[in-house]
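Q: Please take a close look at a single part of this structure, and explain step by step how it is described. A first-year student should be able to follow the reasoning.

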Amino acid sequence: LPAMVSKGWGRVVFISSESARNIPADMIHYGVTKTAQLSLARVLAKYVAGSGVTVNSVLPGPTISDGFAEMLKDDVAKTGKSLEELAKAFVMTHRPSSVIQRAASVEEVANMVVYVCSPQASATSGAA
């Protein structure tokens, strides 16, 4: 961070979770740590304000990552349903407050990270 500030440009991105804003009852420990990340990102953004460095948090919901696919692989084999179908059912059952009503792809999350790291996001700092 000090090197970025001295150069007058840099990007810090925390991968948090929508669980930081809507802590699931079955994952309180996870939600609390993600909420702490948001607070840290915000204070760091204030610390580097005006330096050309931005600090932001990306808050994906359930995402079809390798770990998520591994968790559902037996269900895919048993039911013959696609991973995407089972992921959507998981979201609707366990995270019904999801505003996209499905799991995200890793590419969708990566695209958001690419954006907040780009020069186009220079006016966005301290955001979640």
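A: The answer below treats the packing of helices α3 and α4, and then places it within the chain.

The model is a predicted one. Its chain contains five helices and four strands. In sequence order, these elements follow the pattern α-β-α-β-β-α-α-β-α. Helix α3 covers residues 66–79, and helix α4 covers residues 83–94.

Consider first how the two helices lie against each other. Two packed helices are described by the angle between their axes and by the distance between those axes. For α3 and α4, the angle is about 110°, and the axes are 9 Å apart. Angles from 65 to 115 degrees count as roughly perpendicular. The two helices, α3 and α4, are therefore roughly perpendicular to each other. Their crossing is right-handed.

The next step is to ask which residues make this contact. From α3, the residues are Phe 68, Ala 69, Met 71, Leu 72, Asp 75, Val 76 and Thr 79, and from α4 they are Leu 83, Leu 86, Ala 87 and Phe 90. Sorted by character, the residues of this contact comprise nine nonpolar, one polar and one charged. Asp counts as charged, so Asp 75 of α3 is the charged residue in this group.

Two of the residues named above deserve a closer view, namely Phe 68 and Phe 90. A pair of aromatic rings is described by the distance of the centres and by the angle of the planes. One aromatic pair is counted in this model. It is formed by Phe 68 and Phe 90, whose ring centres are 5.3 Å apart and whose planes meet at 85°. Ring centres must lie within 6.5 Å to form a pair, and planes over 60 degrees apart count as edge-to-face. With 5.3 Å and 85°, Phe 68 and Phe 90 satisfy both conditions, and therefore the pair is edge-to-face. The pair also links distant parts of the chain, since Phe 68 belongs to α3 and Phe 90 belongs to α4, 22 residues apart. Phe 68 has a relative accessible area of 9%. Buried means a value under 20%, and so Phe 68 is classed as buried.

Not every residue of these helices is hidden, as Glu 84 of α4 shows. Glu 84 has a relative accessible area of 51% and is exposed. The cut-off for exposed is over 50%, so the value of 51% places Glu 84 in that class. Beyond α4, the chain enters a loop that leads to β4 (104–105), and Gln 101 is found in this loop. Phi of Gln 101 is near 60°, a positive value in a residue other than glycine. Gln 101 is partly exposed, with a relative accessible area of 26%.

Other places in the chain help to locate the two helices. Gly 10 lies in strand β1, which covers residues 10–15. The C-alpha atoms of Glu 84 and Gly 10 are 35 Å apart in space, and the two residues are 74 places apart in sequence. Gly 10 is buried, at 3% relative accessibility. Apart from its neighbours within four places in sequence, Gly 10 is in contact with Met 4, Gly 52, Val 53 and Thr 54.

Val 109 provides another point of reference, in helix α5, which covers residues 106–117. Its C-alpha atom is separated by 23 Å from that of Val 76, a residue 33 places away along the chain. Val 109 is also buried, with a relative accessible area of 15%. When residues up to four places away in sequence are set aside, Val 109 touches Val 58, Pro 60, Thr 63 and Ala 104.

A view of the chain as a whole completes the account. Its C-alpha trace spans about 55 × 25 × 20 Å along the principal axes. Of the 128 residues, 32% are buried, and Phe 68 is one of these. Among contacts between residues at least 6 apart in sequence, 64% join residues at least 24 apart.

Notes: Residues are numbered from 1 along each chain as its sequence is written. This is a predicted model: local features need pLDDT of at least 70, side-chain atom pairs count only at pLDDT 80 or more; totals for chains, interfaces and linings use all residues. Side-chain values use heavy atoms; hydrogens and water are left out. Rings of Phe, Tyr and Trp (its six-membered ring) pair if their centres lie within 6.5 Å; planes under 30 degrees apart count as stacked, over 60 as edge-to-face and the rest as tilted. Buried means under 20% relative accessible area, exposed over 50%, partly exposed in between (1.4 Å probe, protein chains only). Axes are lines fitted to C-alpha atoms, for helices over the stretch in contact, and angles run from 0 to 180 degrees between N-to-C directions. Angles under 35 degrees count as roughly parallel, over 145 as roughly antiparallel, 65 to 115 as roughly perpendicular and the rest as oblique. A crossing is left-handed if the near helix is turned anticlockwise from the far one by less than a right angle, and right-handed if clockwise. Contact means heavy atoms within 4.5 Å.
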